[in-house]
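Morning, everyone. I have one structure to go through, and I will give the cut-offs as they come up.

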Amino acid sequence: MSALRVLFLGGTGTISSAVSPLAVASGIDLTLVTRGQSSRHAIPEGAHHLQADVRDPRALREALGGREWDVVVDWLAFHPDNVRDDLETFDGRTGQLVVISSASAYETPPRRVPVTESTPLRNPFWEYSRNKIAVEDVLVQAYRERGFPMTIVRPSHTYDRTKPPFSEGWTLVERLRRGAEVVVHGDGTSLWTLTHHEDFARGFVPLLGSSRAIGEAVHITSDDVLSWNQIVGVLADAAGAPEPRIVHVPSDAIHAVDERWGESLLGDKAHSMIFDNAKLRSLVPGYRATIPFELGAREMLAWYDADPARRVVDPVWEARLDSLVERFRV
């Protein structure tokens, strides 16, 4: 049997950087299309590479030529027009188009947890999520009207060693290390699901070429749930920092200071999100996330500490956090 031919539009991002090497290791004949710009994640050995802007339909079609693939995965579909281009480009040229959506597309805040794939899609707070819902609408219509072989995958908050799970990034970790106060939205007790990108990859790769996944939407998350206060505590412990000095700030107040940061909270992180992965396990029997955040945080700190150039403190974030701390310190 010949190897599964898979095309990734993208493939070197936070999530896909774990999927790409696992796909190659699984015997998949993998081709990545990227712009060839610098990235923290290299193209894995054994994968083919085409250079083009995947959001430029003409340039993409020129790079692809007349080739066909068993599976195409679009990691970079952030607007419904992106998917319309995919449908035109790959009509009759692939047996499965997998598009990465987002678990933030689910009803926010959720009326009940755990969230399942049948939870309604509605997010009035975050344009990013509304665009992902529109992306899904285009795909579902193509499947219903003409049987286009699509699969929708919804990651939740997926991280790797290069990306602390806060908008402040490394700046927050440095504040923890020097004992400075840090900001946590709300009262810090809302529950959140963090998924290591290697766990995501183990759930994702078996969906490629799976006839059972055609026409389906599925989320891939960990079952590891922590409060935001606990997440800060785990990072502090991994960093060898003292007990965190947390200042709780309402998400609305954060939004008033920084609209982009606030939308990512009000439209996602400010609400408890726990997921039921039963559907994924029905499609990928035996799937289980095995990397708790305690392990992921230690991996993260080791990566940053290996190179001082990685430990960049953003003065804009420092000033913003100092201002919020001064205002809301009890």
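I will take a pocket, a helix contact beside it, a cavity, a second helix contact and two peptide bonds.

First, the provenance. This is a predicted model, in which local features need pLDDT of at least 70 and side-chain atom pairs count only at pLDDT 80 or more, while totals for chains, interfaces and linings use all residues. Residues are numbered from 1 along each chain as its sequence is written, and side-chain values use heavy atoms, with hydrogens and water left out.

Now the second largest pocket. A pocket here is an open set of points on a 1 Å grid over the protein atoms alone, with protein on both sides within 12 Å along at least five of seven lines; a cavity is a set where a 1.4 Å probe fits but cannot get out, and lining residues have an atom within 4 Å of a point. Points are joined across faces, edges and corners, and a volume is the space filled by probe spheres set on them. The second largest pocket comes out at about 210 Å³. It has 13 lining residues, and the closest to its centre are Ser 17, Ala 18, His 41, Arg 161 and His 197. Two elements give two or more residues to this lining, α1 (16-25) and α6 (197-204). Helices are DSSP runs of H or I with at least four residues, strands are runs of E with at least two, and both are numbered from the N terminus. The largest share, three residues, comes from α1. By class the lining has three nonpolar, five polar and five charged residues. Nonpolar means Ala, Val, Leu, Ile, Met, Phe, Trp, Tyr, Cys and Pro; charged means Asp, Glu, Lys and Arg; the others, Gly among them, are polar.

How do α1 and α6 cross? Their axes come within 8 Å, at roughly 50°. That makes α1 oblique to α6. Axes are lines fitted to C-alpha atoms, for helices over the stretch in contact, with angles from 0 to 180 degrees between N-to-C directions. Under 35 degrees is roughly parallel, over 145 roughly antiparallel, 65 to 115 roughly perpendicular, and the rest oblique. The crossing is right-handed, that is, the near helix is turned clockwise from the far one by less than a right angle. On the α1 side, Ser 17, Ala 18, Val 19 and Leu 22 meet residues of α6 that include His 197, Phe 200 and Phe 204; contact means heavy atoms within 4.5 Å. The residues of this contact divide into six nonpolar, two polar and two charged.

Next, the cavity. A search of the whole structure finds one of 30 Å³ or more, and about 90 Å³ of space lies in it. Its lining includes Phe 166, Trp 228, Ile 254 and Trp 261. The elements giving two or more residues are β8 (182-185) and α9 (259-269). The lining has eight nonpolar, two polar and two charged residues.

The second helix pair is α7 (residues 228-238) and α11 (residues 293-305), packed at about 45° with axes 9 Å apart. They are therefore oblique to each other, and their crossing is right-handed. Ile 231, Val 234, Leu 235 and Ala 238 in α7 meet residues of α11, among them Phe 293, Ala 297 and Leu 301. That contact has eight nonpolar, no polar and two charged residues.

Last, the backbone. Cis peptide bonds join Thr 108 to Pro 109, with omega about -5°, and Val 113 to Pro 114, with omega about 5°. Pro 109 lies in the loop between β5 (97-100) and α4 (127-146), and Pro 114 lies in the loop between β5 and α4 as well.
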